[in-house]
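Hi everyone, thanks for coming. I have one structure to walk you through today, so get comfortable and have a look at the screen.

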Amino acid sequence: MSLHLPPPYRDDAASHPPIDFDGYASTARRYPRQPLVALAQTLTELTGPLLGDGRVQPSDADLTIQHDGEPLGERIIVHGRVIEPDGRPVAGTLVEVWQANSAGRYFHERDQHPAPLDPNFTGLGRCLTDGDGRYRFVTVKPGAYPWTNHHNAWRPAHIHFSVFGRAFAQRLVTQMYFPGDPLFGQDPIFNSVPDPAARRRLVSQFDLESTEPGWALAYRWDIVLRGPDATPQDREPGA
Amino acid sequence: MSRETTPSQTVGPFFTIGLLWEDGPFVVPDGTEGAVRIGGRVLDGAGDPVPDALVETWQADPDGRYDHPDDPRGRPDGFRGFARCTTADDGRWQIVTRKPGPVPAADGGTQAPHLAVSLFARGLLNRLVTRIYFGDEVAANAADPVLGLLDQDRRDTLVAGPVEGGYEIDLRLQGARETAFFRI
């Protein structure tokens with residue numbers, strides 16, 4: 001049987017952190033010591049779960065309306081597009097986010113940071129990208145928080161993102177940061193990305209045009225997933 | 001204009017806020033005819049359980065077809081093919097699914113039945129990718145082109161052993177019998 005497979009997704013290892021990174025103590029006993037084995041993508045990796053139908057309510061994209069009252073903190077809009085390197089949108093893909101509240105505390109039993117929980121904030125959001133790859137969340141700006149990685153360690157404010165794309169090879173879990181954060185210099189997770197230009201791609205941009213006057217500031221952040229190793233004409237529908 | 005890809009960052013310790021689904025571990029509902037349980041432990045380099053890992057699986061249906069428009073043989077009906085399970089305090093995870101069929105390989109050959117696995121955890125800056133094969137598919141496994149990339153010891157780290165009602169496999173992040181992980 002001969003199969004017409006879609007083209008493989010291009011290697012993008014240069015964008016990513018190494019799996020072992022001295023500055024991040026938790027990697028020590030968890031990173032594989034054997035070299036990763038190169039696997040040429042097969043039908044298994046070129047397909048992937050297309051989730052979302054029935055899994056997302058419109059209200060899931062607004063983290064400020066999930067309880068009886070409004071959460072405390074600075075209300076913000078976080079939006080952008082999920083695209084491939086050539087700008088092609090990744091439409092209809094599930095985007096999941098989670099974050100600390102405005103005081104820097106997660107709604108999680110293992111978070112022992114002595115900052116207040118907010119009864120009106122869980123910190124969970126979901127949406128599907130539209131036909132143009134766009135996503136949009138309304139939330140509150142997460143606070144920075146201390147952790148035990150090294151003396152006086154603090155995480156810069158961030159929002160966790162999980163994106164499926166349209167193939168197993170495109171799966172990405174990452175974190176979005178805010179521009180100008182003074183904590184970048186001492187954060188090993190942010191700095192685990194070796195290429196400074198790649199690091200900057202984790203930082204959202206303040207977006208005055210998308211602010212809602214009298215209501216919320218806005219930040220824009222595009223998520224670029226691996227793209228197929230192919231010329232555009234190879235990718236026309238029906239090709 | 002070409003744009004470079006967004007870097008990965010760790011899933012961190014608190015991902016259950018965002019990534020926990022009630023039906024996550026169930027590719028098929030519990031009690032479905034032909035359903036099997038596939039599970040095991042995630043262990044770190046000291047052999048200790050990893051209580052804050054996320055295991056995601058992607059697989060073909062029992063006929064070896066993927067629920068995806070790029071499967072050139074057409075989409076099966078109603079088989080999600082995807083599961084997501086967090087590890088418990090003892091490092092254990094378990095999914096409920098149907099065993100996949102053999103899947104075509106690029107060269108006209110066949111891949112043995114398998115699950116693709118993404119493993120996320122605090123301490124992992126990028127996901128780890130591996131596969132799970134089935135211990136009762138001896139002939140198919142011997143001919144599988146991906147298992148064929150590995151020597152016998154490492155090959156064995158990907159093969160789940162049959163147990164009552166399903167299959168069992170430990171994912172070892174580091175050290176003795178370290179699971180083989182792939183770069184895709």
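Let me begin with a pair of strands in chain A: β8, residues 158-163, is joined to β9(A) by six bridges, and the two run antiparallel. Before going on, please keep in mind that this is a predicted model.

To find that pairing on your screen, look for A:I159, whose bridge partner in β9(A) is A:M176. Another pair to look for is A:V163, which has A:L172 as its bridge partner in β9(A).

Now, is β9(A) mostly covered or open? Mostly covered: six of its six residues are buried. You can go through the strand face by face. On one side sit A:L172, A:T174 and A:M176, on the other A:V173, A:Q175 and A:Y177, and all of these are buried, so both faces of β9(A) are covered.

Let's zoom out to the sheet around that strand. In which order do the four strands of this open sheet come? They are arranged as β4-β3-β8-β9 in chain A, with antiparallel pairing. The edges are β4 (124-128) and β9 (172-177) of chain A, each of which pairs on one side only. Ignoring direction, neighbouring strands of the sheet are turned against each other by 20 degrees on average. What I like here is that β9(A) is an edge strand and yet has six of its six residues buried.

Chain A as a whole, then. It holds three helices and twelve strands. Its C-alpha trace spans about 60 × 45 × 30 Å along the principal axes. A compact globule with 239 residues would have a radius of gyration near 18 Å, and the 19 Å of chain A agrees with that. Of those 239 residues, 42% are buried. Among contacts in chain A with a separation of 6 or more, 73% are accounted for by residues 24 or more positions apart.

On to chain B, which has three helices and twelve strands. How does its radius of gyration fit the globule rule? The value is 16 Å, close to the 16 Å that the rule gives for 184 residues, so chain B is as compact as a globular protein of that length. Its C-alpha trace spans about 45 × 40 × 40 Å along the principal axes. Buried residues account for 52% of the 184 residues in this chain. If you take contacts in chain B between residues at least 6 apart in sequence, 68% of them join residues at least 24 apart.

A good strand to follow in chain B is β1, residues 35-43. With β4(B), residues 92-98, it pairs in the antiparallel sense over seven bridges, and there you will see B:R37 opposite B:V96. With β10(B), residues 166-168, β1(B) pairs in the parallel sense over three bridges; in that pairing B:I38 has B:Y167 as its bridge partner. Then there is β11(B), which runs parallel to β1(B) and is joined to it by two bridges. For that one, look for B:V42 opposite B:L171.

So much for the chains one by one; how do they meet? How many residues does each chain give to the contact? Chain B gives 59 residues and chain A gives 69. On the chain B side, the elements that supply two or more residues are α1 (16-19), β5 (103-104), β7 (114-121) and β12 (182-183). By class, that side of chain B has 31 nonpolar, 18 polar and ten charged residues.

There is strand pairing across the chains, too. Strand β1 of chain A, residues 37-38, pairs with β12(B) in the parallel sense over two bridges. To spot it, find A:A38, which stands opposite B:R183 in β12(B).

I'll finish with one residue, B:E178, which lies in the loop between β11 (171-172) and β12 of chain B. Is B:E178 buried or exposed? Neither, really: it has 18 other C-beta atoms within 10 Å, and buried would take 20 or more, so it counts as partly exposed. Leaving aside neighbours within four places in sequence, B:E178 is in contact with A:P32, A:R33 and A:Q34 from chain A, and with B:T157 and B:R172 from chain B. From B:E178 to B:L158, the C-alpha to C-alpha distance is 10.0 Å, at 20 residues apart in sequence.

That's my tour. Thanks for listening, and I'm happy to go back to any of the views!

Key: Residues are numbered from 1 along each chain as its sequence is written. Chains are lettered from A and ligands numbered from 1 in the order in which they are written. This is a predicted model: local features need pLDDT of at least 70, side-chain atom pairs count only at pLDDT 80 or more; totals for chains, interfaces and linings use all residues. Two residues are in contact if their C-beta atoms, placed from the backbone, lie within 7 Å. Ala, Val, Leu, Ile, Met, Phe, Trp, Tyr, Cys and Pro count as nonpolar, Asp, Glu, Lys and Arg as charged, and the others, Gly among them, as polar. Two strands pair if DSSP finds at least two bridges between them. Axes are lines fitted to C-alpha atoms, for helices over the stretch in contact, and angles run from 0 to 180 degrees between N-to-C directions. The radius of gyration is taken over C-alpha atoms; the globule rule is 2.2 Å times the number of residues to the power 0.38. A residue is buried if 20 or more other C-beta atoms lie within 10 Å of its own, exposed if 12 or fewer, and partly exposed in between; C-beta atoms are placed from the backbone.
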